[in-house]
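User: Please take a close look at one part of this model, the nonpolar patch on its surface, and place it in the context of the whole chain.

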Amino acid sequence: KALFWQLDVVGMILMIAVLALILVPLTLAGGSSTTWHQGHIIAPLVVGILCIPAFVFWEAKAKHPMVPLHLLKDRMVWGALGVITAMNCAAAVQGDFLYTVLVISFNQTVLSATRITNLYSFTACLTGLFFGAVVYKLRRLKWIIVCGSGLHLVAFGLLIQYRGGGGSNYSGMVGAQVLLGISCGMFTYAALASIQAATRHEHLAVITGVYFACFNVGGAIGNAISGAIWTQLLPGQLQQDVAQFGNETL
């Protein structure tokens, strides 16, 4: 019984409900014929939105809240949580359908597309170990996060510049994935260290868990955005482009 309340099971259920009931319909409602007006799309969205105030109310009253609301008043805490959420959201948006883009638009083989798709996470793991040691020694968190943000912007600039075709665009895509991995490695440990420095010892485990939860929440939001683009914008754009060649049936 004590473990049930310390784990804040009610809070976890409400958070899962908010994320699942809002994000999943964004992906399912598109396609060749949209289904926004149908009950199985509207109902989850409504319930999910109603769960948001219920979650906030519960967390404010819970004895062992999953998200200590008073900690979120510290800008070192909410700043780091916002940075890691946005970073993983952006990474998911560009990476979810990257394999298909590489095979179709860049004309890569299955082996090559698989390797390029894994470059981001591979580079992030390697640089994360390095920057974790740097953070531990230097304790200069702000500038590591700022530099990571700058690299993230450069990487997305490359993704926009080299977004299709072969030749130099292939090298640009590879370079962008490597830079994204490096910036992720810089972000992850520096942002985590910043919120741990601003948190009292008794809340350290909780806020660390919230940090990695926000990392996954950002990925879930990115998945929903890319899925919505894939199902709601891509079919119509493909039909329009193919029709220019006189073969709309294709």
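Analyst: The account below begins with the patch and then turns to the chain as a whole.

The model is a predicted one. Four residues, Leu3, Leu7, Met12 and Ile16, make a nonpolar surface patch of about 390 Å². Of these patch members, leucine 7 may be examined individually. Leucine 7 sits in the loop between α1, which spans 2-6, and α2, which spans 9-28. By these ranges, Leu3 falls within α1, while Met12 and Ile16 fall within α2. The relative accessible area of leucine 7 is 46%, and the residue is therefore classed as partly exposed, because that class lies between the limits of 20% for buried and 50% for exposed. Patch membership requires over 30% relative accessible area, and the 46% of leucine 7 satisfies that requirement.

The two helices flanking leucine 7 belong to a chain with 10 helices and zero strands. Read along the sequence, the pattern is accordingly α-α-α-α-α-α-α-α-α-α. Along the principal axes, the C-alpha atoms fill a box of roughly 65 × 50 × 25 Å. The chain comprises 250 residues, of which 37% count as buried. Among contacts between residues at least 6 apart in sequence, 74% join residues at least 24 apart.

The surface that carries the patch can also be described in total. The accessible surface of the chain comes to about 14400 Å², and carbon and sulfur atoms account for 70% of that area. As for charge, the chain has 12 positive and 7 negative side chains. The centres of these two sets lie 16 Å apart.

Notes:
Residues are numbered from 1 along each chain as its sequence is written. This is a predicted model: local features need pLDDT of at least 70, side-chain atom pairs count only at pLDDT 80 or more; totals for chains, interfaces and linings use all residues. Side-chain values use heavy atoms; hydrogens and water are left out. Patches are made of residues with over 30% relative accessible area and no salt bridge: like charges are joined within 9 Å, nonpolar side chains (Val, Leu, Ile, Met, Phe, Trp, Tyr) within 5 Å. Accessible areas come from the Shrake-Rupley method with a 1.4 Å probe; for residues, only the protein chains shown count as cover. A salt bridge is a side-chain nitrogen of Lys or Arg within 4 Å of a carboxyl oxygen of Asp or Glu. Helices (H or I, at least four residues) and strands (E, at least two) are DSSP runs, numbered from the N terminus. Buried means under 20% relative accessible area, exposed over 50%, partly exposed in between (1.4 Å probe, protein chains only). Contact means heavy atoms within 4.5 Å. Lys and Arg count as positive and Asp and Glu as negative; His and the chain ends are not counted. The place of a charge is taken as NZ of Lys, CZ of Arg, CG of Asp or CD of Glu.
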